[in-house]
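Here are some worked exercises on reading packing and contacts off a two-chain model. Try each task before you look at the steps below it.

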Amino acid sequence: MVSAADADGVSRTWHVLDNGVEPTAGTMLCVHGNPTWSYLWRRFLTVAPAGWRVVAVDQLGMGWSERLQAPRRLEQRIDDLSALTGALDIQGPVVTVAHDWGGPISLGWALAHRDQLAGVVLANTAVHQPLGAAPPGLIRLARTAALRTAVCVGTPLFVRATTALSRPQPPEAVRGALAAPYRGANRRRSVGDFVADIPVEADHPSRTTLDAVAAGVEDLADVPTLLLWGPRDPVFSERYLRDLLARLPHADVHRYGRASHLVTEDAPETAEHVWRWVGDLGGRTADQADAVAAAPPEPTQGSPLLPWAALEARAGDPAVAVAEVVNGKSREVSFAELEHRVRLLAAGLHAVGLKAGHRVALLVPPGVDLTVAIYGCWRVGAVIVVADAGLGVAAMGRALRGAGPDLIIGVAKGLAAAAALRIPGRRVLVGSTSVPLRRALGSDFSLADLAELGLHADLPPEPAADSDGAVLFTSGATGPAKGVVYRLDQLRGQIDLITAACRITPNDRLVAAFAPFALYGPALGIGAAVPDMEVTAPGTLTARALADAVAAIDATVVFASPAALRNVRATRGGLTPPQRAALGRVRLVMSAGAPVPVSLLRAVQELMPAAEVHTPYGMTEALPVTDVSLVELEAAGPGNGVCVGRPLPGVTVRVSPLTPDGRADGELTAQPEITGEICVAAAHVKDRYDRLWATERESSRTAGWHRTGDVGHFDVAGRLWVEGRLVHVLTTADGPLTPVGVEQRVEELDEVEAAAVVGVGPAGTQQIVVVVVPAPDASAGVRRRRPRVLAEPALAASVRAVAGVSVAAVLTIEALPVDIRHASKVDRARVARWAERVLAGARVGRP
Amino acid sequence: MTGASGLLGAGVARALAQRGDDVTVLQRRPAGLGLREVLADVADAAAMQEAVAGQHAVVHLAAKVDVVGPWEQYQRVNIAGTAAVVSACRANGVQRLVHVSSPSVAHAGSSLVGAGADRADPERARGPYARSKAAAEQIALGADSDELAVVAVRPHLVWGPGDAQLVARVVERARAGQLPLIGSGAALVDTTYITNAVDALVASLDRCRVAHGQALVVSNGEPRPIGEVLAAICGAAGVTAPQRRVPVRLALAAGIVAQTVWPLRQLAHRRRGPSGPPLTRFLIEQLATAHWFDQRHTRELLQWTPRVGMEQGLAELASWYASRP
């Protein structure tokens, strides 16, 4: 308890959490909102590094601080806080941390103490309540005078509602602790007053102060800022995050996908993340500095050209640039026409207010319109956001909401989905000029309208090569899909790499049945055809559709995902002799996205006998990284993992060796036969994860390198072998074990269709469990509907015989959980949780 | 060494004698090991004093091991017996005491997944055997001091050729068709092959000064699904493995009934069959929940690793059964 004069000189008793540390490094000043108290910051105190004093205050009338007899205005509260920090003798650098309506108060303090201010951390807060815009529904409800007294003061409803927003709810002990200072109406007066102090009206007494804070924030451009956000907050919705980002464009952001209003409770890791961020304020951290020494040679600089340079180079060319092939019929656009349409759209988009740095979500299937939209956006300097339904509809919605587009360009179906998924942004309708439809979908323009506007508008200046170009999404096979931001020069780097790796010449033509590459034909400067298929379901590509697309442009190169090729193999019987002949002229087939079995590559080789069959390795964050051909794969033979070949020219790959407990902390090495996390350095590696500051910090903690989260090793011939995901590494008493090698050996068994190797038990002493999907019983002709969970003795014995490691249990299951996009990446973490339950003796159920 | 008549006791006594230790064994009936022998009850304090005089170290194995029977018997043999051993060690200046305990002393019924050796807890342990052994371990470790180094070793489910406890009971029940599989049969259970248990106890004696004051679980470190373990033991013995599956809840309900009814049936001598009730609640929990342990600390401290793996152990069991008439 601390006594300090308040803003009006009246002595007040404050309750303060203060770790009492001599602040040799600095002080963290934590300010809660309404109706919480300093308890909210307890983890920030417990994990504080040496030299940091942490002071978390209970505001007057709140928490365990003195109760007030009258409302306290924002301006007074800011001054109260200044008076308190004076009484507490807070000197030297200060990082402010605040939540909810503590945000404006802490910012008011920050603006008054610029000389001390070292950093600003804000969590689910706002500095601006636009006039006319509806305030958060709950707040609006709580602000009606009668209700306010009833909800906030007369009953603990408002106090309790704060923790009720979280899913799952915090433990009762935490909920009870948060509500503890607010037992009894006489202790809740300020809770109601706080709500009443939100300046919704223009003439509200606190309006001037809030506006001053909001205006002042825009002068904090030189102050490092971190925004923590719980996107499930019904009070401070993402609209407020966008408002803050507009005022603080330099801010680091981390959105905690599952978190609601009480982001520090729903995501307890916030405390460690904030301290890591604070630690970085003093410059590079020690491990980053070390890593610089190990940084790879600067990759050979690609040409400074922008991604659309090749398209501009063929501006007058009448050759086919993009063809959409449906039922053997082709809808085509020439390079000349494409270049023209891109220019018109760019000018039109610019005319309606799209600016460099704005984000544009694209909900358009691959084809001419999508190509025009992408290059048009890039030409303006806008950032394309590409989330496909291959993530699953709910995950796609989360991904797009998280990216926060300013504009959505979509077909009718896409715009309808965007409305249902509550994606923000203005709408542009593609594929229809129907005005009623356009209006029904909330769209002001069709793509054609914009092109027409472009006829009479100027092109904006070309964007800088280092501006953001795209947000793509990981498949979310090992957690929620992450947004990945590429700059234009990094996209250009990717295009150059593909050109070199595939030895693309202007005489090539491309069929792309693989989402990201479907967009790249014009960038590669070659004609491209999109086959007739459901783009979000690669498994719908038939051999005939592929052959028709190849024939339409006399393609020389084919890109297709493994799932697409699997269906091509399954439907190859339907090919006509001319279709076979067209496929016979292809010189290169590339399949990427997930590991491709050699048997599938052989089948593809039979279909396209003249082609070299390649399967590059990479990830959303860096594609491609390595490349291997079928011939090289056959030469390599089996090994511990999947052979993915050698790094492509300009790409440097190292591994960070695993510690005995399965962390990848070892110094980067290219030595053979050492298993570790695969790290990549190249010109086309992602710029950053989108609004995931801590994730980005972790993935690039070795400066200059991207940590892929994959584990593998080099062999003596310099080939890279991928052994699985880092998070799927088992940690047995004998050391770490990667799953893929064992899985491959087990999958060689005739009686096994698929296998997943997982660990059960505590880290460091895990037991090895093999979960198999039994092959359909050849003798019975059908698979048993639900296999017994414990493998039959004969199957268990066969598995143990080939596993090469000591297997505690062999379980059987109907199907392994896989990702939607590739239908092949096994969610081993989920399998492990299931196996752990089953092997503890619980009911079997499903993973 | 107390309790040398059982499989484990005899094995340890032989192993110590073979390497040249001067071994005296103590139990109620002759063990037939050809070693110096004292016939006495461990709870007999005077006899213990006499037997321990002049020994450098004591391995205390004698115990009442069962799932039923009156508490007084467990109390006398396991608790009072251990107290007698401890006071005899103190009075005679014995320097090392290896107290053989059981993982069940720290087990309150939930599954054990890669567990360590938690504190023995007589209040929460299940059944008279585990409760009395928990109290005994507290007495033994309570006596750990600069003069007397005490280590408590908890071998988990020891089995092997000639084992009258686990193997014999499983085989007997399977033969009588009284061995159902509880639940899915997937609960992971670790066991200890006899040779490994003997080695670990010998190692504990040698490493007593380093490991003193601690309780250490000993096992093969090769947990297997309980269904597989039972089937493998039955297979080695040449009897049919259990086929009948009983849901856990049903088994528990039946177990409670059996626990109550069995003593009455025993009194009435109405029926001869396998010894002990078909299934007690304790046994069902043992059969339906995971029991396996983190062996890293034990192995490092004792500088011991299991010599015989599950496969080899089962093969030895099978050839032992095959060689029997």
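This is a predicted model, where local features need pLDDT of at least 70, side-chain atom pairs count only at pLDDT 80 or more, and totals for chains, interfaces and linings use all residues. Residues are numbered from 1 along each chain as its sequence is written, with chains lettered from A and ligands numbered from 1 in the order in which they are written.

**Exercise 1.** Work out how H15(A) and H16(A) cross, and which residues meet there.

Solution.
- Step 1: take the helices, H15 (335-351) and H16 (368-380) of chain A, whose axes come within 8 Å and cross at roughly 55 degrees. Helices here are DSSP runs of H or I with at least four residues, strands are E runs of at least two, and both are numbered from the N terminus. Axes are lines fitted to C-alpha atoms, for helices over the stretch in contact, with angles from 0 to 180 degrees between N-to-C directions.
- Step 2: classify the angle. H15(A) and H16(A) are therefore oblique to each other (under 35 degrees is roughly parallel, over 145 roughly antiparallel, 65 to 115 roughly perpendicular, and the rest oblique).
- Step 3: get the hand. H15(A) and H16(A) make a right-handed crossing (the near helix is turned clockwise from the far one by less than a right angle; anticlockwise would be left-handed).
- Step 4: list the partners. On the H15(A) side they include A:Leu338, A:Val342 and A:Leu345, and on the H16(A) side A:Val372, A:Tyr375 and A:Arg379 are among them. Contact means C-beta atoms, placed from the backbone, within 7 Å.
- Step 5: sort by class. This contact has 10 nonpolar, three polar and two charged residues (Ala, Val, Leu, Ile, Met, Phe, Trp, Tyr, Cys and Pro are nonpolar; Asp, Glu, Lys and Arg charged; the others, Gly among them, polar).

**Exercise 2.** Do the same for H2(B) and H3(B).

Solution.
- Step 1: the axes of H2 (45-52) and H3 (71-91) of chain B come within 9 Å and cross at roughly 40 degrees.
- Step 2: that makes H2(B) oblique to H3(B), and the crossing is right-handed.
- Step 3: from H2(B), B:Ala45, B:Met48, B:Gln49 and B:Val52 take part, meeting residues of H3(B) that include B:Ala84 and B:Cys89.
- Step 4: the class split for H2(B) with H3(B) is eight nonpolar, two polar and no charged.

**Exercise 3.** Is H23(A) enclosed or open, and what follows it?

Solution.
- Step 1: count. In H23 (543-553) of chain A, 10 of the 11 residues are buried, so this helix is largely enclosed by the rest of the structure. Buried means 20 or more other C-beta atoms within 10 Å of the residue's own, exposed 12 or fewer, and partly exposed in between, with C-beta atoms placed from the backbone.
- Step 2: name some. A:Leu546, A:Asp548 and A:Ile553 are among the buried ones.
- Step 3: look past the end, where A:Asp554 has a positive phi, near 55 degrees.

**Exercise 4.** Describe the side of chain B that touches chain A.

Solution.
- Step 1: 23 residues of chain B are in contact with 19 residues of chain A.
- Step 2: S5 (112-115), S12 (224-225) and H8 (226-237) of chain B each supply at least two residues to that side, and H8(B) gives the most, with three.
- Step 3: the chain B side divides into nine nonpolar, nine polar and five charged residues.
- Step 4: for context, chain B has 12 helices and 14 strands, and buried residues make up 53% of its 325 residues.

Key: Two residues are in contact if their C-beta atoms, placed from the backbone, lie within 7 Å.
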